[in-house]
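Me: I'd like a close look at one small part of this model, and then a walk outwards from there.

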Amino acid sequence: QPLKKLFGTDGVRGVANREPMTAETVLALGRALAHICGGKPGSGGKILIGKDTRTSGYVFENALCAGICSMGMNVLLVGPMPTAGIAFLTLNMRCDAGAMISASHNPSEYNGIKFFFRDGFKLSDETEQRMEDIVFSDSVRDVRPTAGSIGKASRINDALGRYVVLAKSTFPKKLSLGGMKIAVDCANGAGYRAAPMIFEELGARVISLGVRPDGHNINLNCGSMNPEHIRAAVWDTGAQIGIALDGDADRVALSDENGEEVSGDQIIGIIARDLLESGTLRKNAVVVTVMSNSGLELTLGELGGSVIRTPVGDQYIVEKLRQERLNFGGEPTGHIVFMDHITSSDGIIAALQVVKIMVETGKTLSQLAARIRMVPQVLRNVEVSRKLKLEEIPDLKEAIRESEFRLKNKGRLVVRYSGTQPVCRVMAEGEDREELRQIVDMISRIISRNLSVDATLLK
């Protein structure tokens, strides 16, 4: 199978107006998507398009819409909407596919597209490959419809309300958030209207941050990528919990009532423990990635639960959940997938489940987090200017082998490139934090020496 040229680990992504995120390529992707979903050109059908708050979203919304309509399918435009909302609405409105225009947690100069099939799940690798083949071969050039068979676009005005109703339905009707103060940082992104509305309608007093998008301030000094802001807001306002979303609201970072960070793995642990104790965690198993803290395994193991690991990426979590018929999983980055409610990771619904547990148990978030034991872990993101095969980097293979030997039987090491950013992630886990720091320092230096911008200029 040829290597994919457009799709990364989570759809297509890049700097806006640079390949692959150009109007021309996005128009071709729209045609390819319509062709795959609609079968014969001009056969009708409809595809949903949502976006986050980036200025470049206007370019790609129109380009994608043009490509789809040119193949005879209709488009439903819903405007700014969390990614999980697009997954839900694609299924709820019986669309043939859905597309979310967003670069998620990346800075505003980036943009991207995540595609969903009619079942509300992201496209398979095989379908992405088919779309690429169509884009590069332009094989649909001669089968475009004309006259009355060309598609049309319309705007859906009640889309946000539908998603708000879904999110609220995941919170038990017998409970209320009355008397609770919650700080919510929406990253000036796709959740800026939905998130405050959901928590307010459930009775909470909401302190809203990052709800004034201007097209360029998405993820800028706000949201889950800058969690120090939500921690400071909790400390300043006396909120019981701080909730920080990223640009498309598919991940969440939490702050406890003391302004202390609650990690993604702790969030997974808090929810998994609650599901285990209520008997609703299917097969008593949680799906996480190789990057998740081993403390999860220890904590859940003591309660009779187990952990299944996948490669990094929430689509692999979802894939494994579907394969094994399980209902809960997530990543330490704060992508939490709750299959009982939705087909995609959802930061708002994840936060709602944690708040539900706080209300039901009467425990503070710091008390709930303390019950999830974490083992020492050191993670570093090393900026790289290119991505060579790791085994081809001088000295790195030997350094990894040596480090794994040092950690033998008491820890583990993961070295991998990010699929969405120009970084290499180095993670070591074990008993001795100082030893872990030494290992991560050594490997990071080797990567930096060979792959940094300076290293490229020297070659």
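Which residues does Ser418 touch, not counting residues up to four places away in sequence?

Reply: Ser418 touches Lys387, Val423 and Arg425, once residues up to four places away in sequence are left out. Bear in mind that this is a predicted model. Ser418 sits in the loop between β18 and β19. Despite the loop setting, Ser418 has a relative accessible area of 2% and counts as buried, because the cut-off for buried is under 20%.

Now for the strands on either side of that loop. β18 and β19 (residues 423–429) run antiparallel and are joined by six bridges. To find one of the pairings, start from Val414: its bridge partner in β19 is Met427. Both strands belong to an open sheet of three strands, ordered β17-β19-β18, with antiparallel pairing. β17 (377–383) and β18 (412–417) are the edge strands, each with a single partner, so each has one side left without a neighbour in the sheet. Neighbouring strands here are turned by 10° against each other on average, direction ignored. Helix α14 (residues 433–451) lies across β17, β18 and β19, and it runs at about 10° to β17.

For another buried loop serine, go to Ser224. Ser224 lies in the loop between β9 (205–209) and α7 (228–237). Its relative accessible area is 10%, so Ser224 is buried as well. Leaving out residues up to four places away in sequence, Ser224 touches Ala244, Leu245, Asp246, Arg251, Val252 and Ala253.

There's another sheet to look at too. This one is open, has seven strands in the order β1-β2-β6-β5-β3-β4-β7, and has mixed pairing. Its edges are β1 and β7 (153–155), each with a single partner strand, so one side of each is left without a neighbour in the sheet. Over at the β7 edge, strand β4 (residues 74–80) runs parallel to β7, and three bridges join the two. Leu77 stands opposite Arg155 in β7.

Two strands of that sheet come up again with helix α4 (residues 125–137). What covers the buried residues of α4 includes β1 (7–8) and β6 (110–117), along with helix α1 (23–38). The buried residues of α4 are Thr127, Glu128, Gln129, Met131, Glu132, Ile134 and Val135. As a background point, an α-helix has 3.6 residues a turn, so residues three or four places apart point the same way. The length of α4 checks out: at 1.5 Å a residue, its 13 residues should span 18 Å, and the end C-alpha atoms are 18 Å apart, which agrees. Just after α4, Asp138 takes a positive phi of about 50°.

Last stop: a pair of helices. The axes of α3 (residues 83–92) and α5 (residues 159–169) come within 10 Å and cross at roughly 100°. α3 and α5 are therefore roughly perpendicular to each other. On the α3 side the contact is made by Ala84, Gly85, Phe88, Leu89 and Asn92, and on the α5 side by Ala159, Arg162, Tyr163 and Leu166. The residues of this contact between α3 and α5 divide into six nonpolar, two polar and one charged.

Back where we began, then: Ser418 is a buried residue in the loop between β18 and β19, and its contacts include Val423 and Arg425.

Notes. Residues are numbered from 1 along each chain as its sequence is written. This is a predicted model: local features need pLDDT of at least 70, side-chain atom pairs count only at pLDDT 80 or more; totals for chains, interfaces and linings use all residues. Side-chain values use heavy atoms; hydrogens and water are left out. Helices (H or I, at least four residues) and strands (E, at least two) are DSSP runs, numbered from the N terminus. Buried means under 20% relative accessible area, exposed over 50%, partly exposed in between (1.4 Å probe, protein chains only). Contact means heavy atoms within 4.5 Å. The expected span of a helix is 1.5 Å times one less than its number of residues. Two strands pair if DSSP finds at least two bridges between them. Axes are lines fitted to C-alpha atoms, for helices over the stretch in contact, and angles run from 0 to 180 degrees between N-to-C directions. Angles under 35 degrees count as roughly parallel, over 145 as roughly antiparallel, 65 to 115 as roughly perpendicular and the rest as oblique. Ala, Val, Leu, Ile, Met, Phe, Trp, Tyr, Cys and Pro count as nonpolar, Asp, Glu, Lys and Arg as charged, and the others, Gly among them, as polar.
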